[in-house]
Amino acid sequence: MDHKTIGAHLKRSSRLGTCPQGLRQRKAADDGLGDSAQVRGESAQSEKSRQAHEEVVWGQTPDGEVFRVPTTHDVLTGLFHPRYPKSHLDILNLSLLGLQLVLFYILPRSTAKVFFLFYFVFWRAAYDAGLGWVLTKQSKRKWMIREIQRLGWLDEKRNPAARNWIRAQLQGKMGKDYSFDELPLEYNTWLLFRQLVDVILLNDFLAYCMFAFTCFRVPEGLSFPVHVMRWIGGIALVIFNLWVKTEAHNVVKDYGWYWGDVFFQRGALVFDGVFELAPHPMYSVGYAGYYGLSLIVGSYPVLYVSLAAHAAQFAFLVLFENPHIERMYGKRKPIALRKPISASESKKIKKMNTSRQLPSSAEDDPDQLSTPAATEGESATDTETETECEGKAPGIHRSYRTTQPILLESTVSQHDLHHNSSDAMLALLLAYVIVGSSLPTLSYHATLALHFAHACAWCMFHSFGLGLLLRAQSKSKYLVRHFLKHYHYPSRDHGDGAVQEAFTNWKALYNISLCMTYTSLMSLAWKSYTAPVAWFEGDALLCHTLGALLIALHVWAAMESFEVLGVFGWFYGDFFMEDFPAHLEYTGIFRYLNNPELMSGASFLGLALISSSKLVGMLAVIRFVSYWWFLQTVENPHMRKLYGDSLRKDAGFVKVIKSVASKNVRILESRAGRHVPEIKRVAKEVKGTFDKVFEETADVVEEFLARSKPRISEVMQETKVLLQQSRERLVITRVARDLSSYDTTKYKISIVPSQSGDKRFHIGESIKVNWQAPARHSHRDWIGMYKVGANKSTLVTKISSVGLWVPVHDEEWDQDEPVEDTSRIAPLGKKPEVGTVSFEGSTLPWTIGQYEVRYHHDGKYNVLSLDGPFEVYVNKPASLDLTSVRDSLARIVPLCLDSDPDLIPLSCGGVREPADTDSDVTRDVDDFSFWSERQAKRICYVIKQAFEVEYAPDVVMADANLTALANRILVSKQLLVL
């Protein structure tokens, strides 16, 4: 038993409340009580004069009395060693133990089973219920101290006989440094209580062993290797149990072992060693011997009695130990892998669980505009048909005209699964209903296969699908970018709305996936489960028991993780929020494990054991592999990115194992003597062999990846280009057959330089092209604009211009089709015909880059002349401040609006109409309007290239103001910084 569970609540430099007044921390040697104590005040000077080898531990009573703590002896040594005197309680204890041994040998086996079962239940109840009740009363109200004072047991005047008897019992058990009369009442009461605890503990232990031995049997139907493994496993668990108990006592000493802090304080305890192996090691892994002995005796009754006794010990932990720790030392707020750093941020996160409130009026307060809907998708080109509506679209624009221009209202936001996770749940429900109702009657094996595929799909989606989404969020803030792009948030929001909505919808999506993963797993297990015919034959009952324990382990690990992480950490909040602690503290279950989420696979293994299904077992393997990938590819890189060197390498469990291994190595070295150098040499060679194989394998993989990367990148780039131009490349190129009748040398085109005198044009700026052709050239000739390198041939154009073209003679074309009119008379003479065409608006390229122009013959794709390259660029602000960004937008927006004075802002040369002056609301000089949604798309394209942030057209239409849009860009840039 232990007072040992504090180690699960406190970090390595365990904080045991406030140190008692008058104490100063001091190193204590092997005193049987602890590793350190404190002494302060008047005793400090005298302590400095003591010799270094003197062992001194100081304690303090609740009244503030400081006393020197004597040395105590090991209970087993004092009880069984013949040289030590025996108290009356020792004699009682030995008598009870001896009685058990006698009864074990004289009682019939069937009678002994029943007797020792109830005898063990009695002592277990005395331990967990009796001691728990007494210690709880002592912890709350100092009940034992008060009762002894009330009865006068330690009062020489009131009850000298009881005092002398107690004195005799205690003095014989203590050393020469013990003085009954000089020590306080609290310490002597603790020593008396300690002897009572020894009686209960030893009899509880022996009663359990006697019960187990009476139930010994050799299980039938098992092979010899299984019996050998059963014994080896059982003995290993018993040895492990003894090691845990011994190591725990070495850490907490008798002071913690017998709940000394219920009676007095003895300075700061440091819980390390085995207390970093597992939570509450004396109450958890410290009972492994129960299960080891159950394996050895091969009895199900012993196993279930062990489970019940272990559960009673956990009840003692929950009902007494943990409440006492909270009363004594205060409940610490756990901070682990993921936690908001400030209270204000915590309040913000709470707001994520509420829906965004939509204002009732958009015209009265422009910042309170309702969230515009997302469009169905951006057009591939600007040549798609525009839709212009007349009349006012209420509540979605900031234009002050009554009839024109207008903004488009989209209604597809209800179906944006990124935006509204409830839609995803609705779609999922509909899919299940439709698929479930349309499935034909299946055979048993087909049903199992379907359930396995279903569970496997959810498992893979949960790890790989959500993992890739979370990795994209970590690397490029993908989800936040999505909401910034498609939804309008008030300017005073500073980007918090996008982060909150991204996190809220991510939580819903993650929760759906988590629930469906385990629901599909349970469905598969249920379909493949067959109840055993004979529960007590074979391993059916054992598999069910182990499976239930593994499921309980998973539930416990999940609850412990959630208690430490909270909602914020459970849903990976630090992938979204940037306010996190720069230094990590590991508490709770994270003190022992770096990734306790791996225990989620325990439920998969548990259900595999219960159902005895290979399919569930395969799913468990898939779960472990997929979650390992998630940790290595998504979570661990993100944690290193955030916390860097503050991340520990080894968790408490790993450190303990390494420490034990190092200790054993030193022991082996000390015993090996002259063979140590040879053993080290062999070990070094073996290790070098493994390291060499690992390094060579890693080099081969790295070399393969290095050689493959250029080719893979090339293939990906080509695939991307093909996908972007797939529609154009599917067009069958039309080529003229009458070029022999034309003098191709007389066709010429040239780009008119821009206002700056070179061939560099700001995006949206008009581009003029001079052309020359023979007098009798086809009037259906046309000039197209293409990116440099898009066409490998200079004779024939093989891809579409995607709308970037103008006719040489506009009257010869009906939109995109040439007019079949042969009545037109061509001009006479040999003088070449010249002219100028202008690329404007939708015929301009809205993507920066290098371009060329091509002169085509007779409405077909024969190239008669070309000129280029010329550059289309966008001015990027030198600095990211409001003035610079607004000035940049002041040039971009008018160009995207075709420099229409009715649309562009007044600050950029726009015209104020009479409707504006008559309106009750004065138009802002930075306001602008749109004739069509295409113009808003142009602004989105250019903003993406100039500032590297993306917005949907609805977001731009909702702002429709240079300053508001500049503020939004600044907030987005600040929010999306990586």
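**View 1. A salt bridge joins the side chains of R163 and D181 in this predicted model.** The closest N to O distance is 2.5 Å, a salt bridge being a side-chain nitrogen of Lys or Arg within 4 Å of a carboxyl oxygen of Asp or Glu. The pair links distant parts of the chain, 18 residues apart: R163 belongs to helix α7 (residues 160-171), and D181 to the loop between α7 and α8. Helices (H or I, at least four residues) and strands (E, at least two) are DSSP runs numbered from the N terminus. R163 is buried at 10% relative accessibility, whereas D181 is partly exposed at 44%. Buried denotes under 20% relative accessible area, exposed over 50%, and partly exposed the range in between (1.4 Å probe, protein chains only). The structure holds 18 salt bridges. Residues are numbered from 1 along each chain as its sequence is written, and side-chain values use heavy atoms, with hydrogens and water left out. Because the model is predicted, local features need pLDDT of at least 70 and side-chain atom pairs count only at pLDDT 80 or more, while totals for chains, interfaces and linings use all residues.

**View 2. Strand β14 carries a salt-bridge partner, a polar contact and a cis peptide bond.** R760 forms a salt bridge with E871, with the closest N and O atoms 2.9 Å apart. R760 lies in strand β6 (residues 760-762) and E871 in strand β14, so the pair ties together parts that are 111 residues apart in sequence. R760 is partly exposed at 33% relative accessible area, and E871 is partly exposed at 25%. D867 also lies in strand β14 and is buried, with a relative accessible area of 13%. The side chain of D867 makes a polar contact with that of K759 at 3.4 Å; such a contact is a pair of N or O atoms within 3.5 Å, where within protein one must be able to donate a hydrogen and the other to accept it, and residues adjacent in sequence count only if both atoms are side-chain atoms. The peptide bond from G868 to P869 is cis, with omega near 5 degrees, and P869 is placed in strand β14 (residues 863-873).

**View 3. R854 and E852 form a salt bridge between buried residues.** Their side chains meet at 3.1 Å, N to O, and both residues are buried. Elsewhere, R124, D128 and D204 are joined into one network by salt bridges that share partners.

**View 4. W259 and E948 have positive phi values without being glycine.** Phi of W259 is about 55 degrees, and that of E948 is near 60 degrees. W259 is found in the loop between α9 (224-257) and α10 (288-297) and is buried, with a relative accessible area of 0%. E948 is found in the loop between α25 (933-947) and α26 (953-959) and is exposed at 52% relative accessibility.

**View 5. V199 and L92 are 8.0 Å apart, C-alpha to C-alpha.** In sequence, the two residues are separated by 107 residues. V199 lies in helix α8 (residues 185-214) and is buried at 7% relative accessibility.
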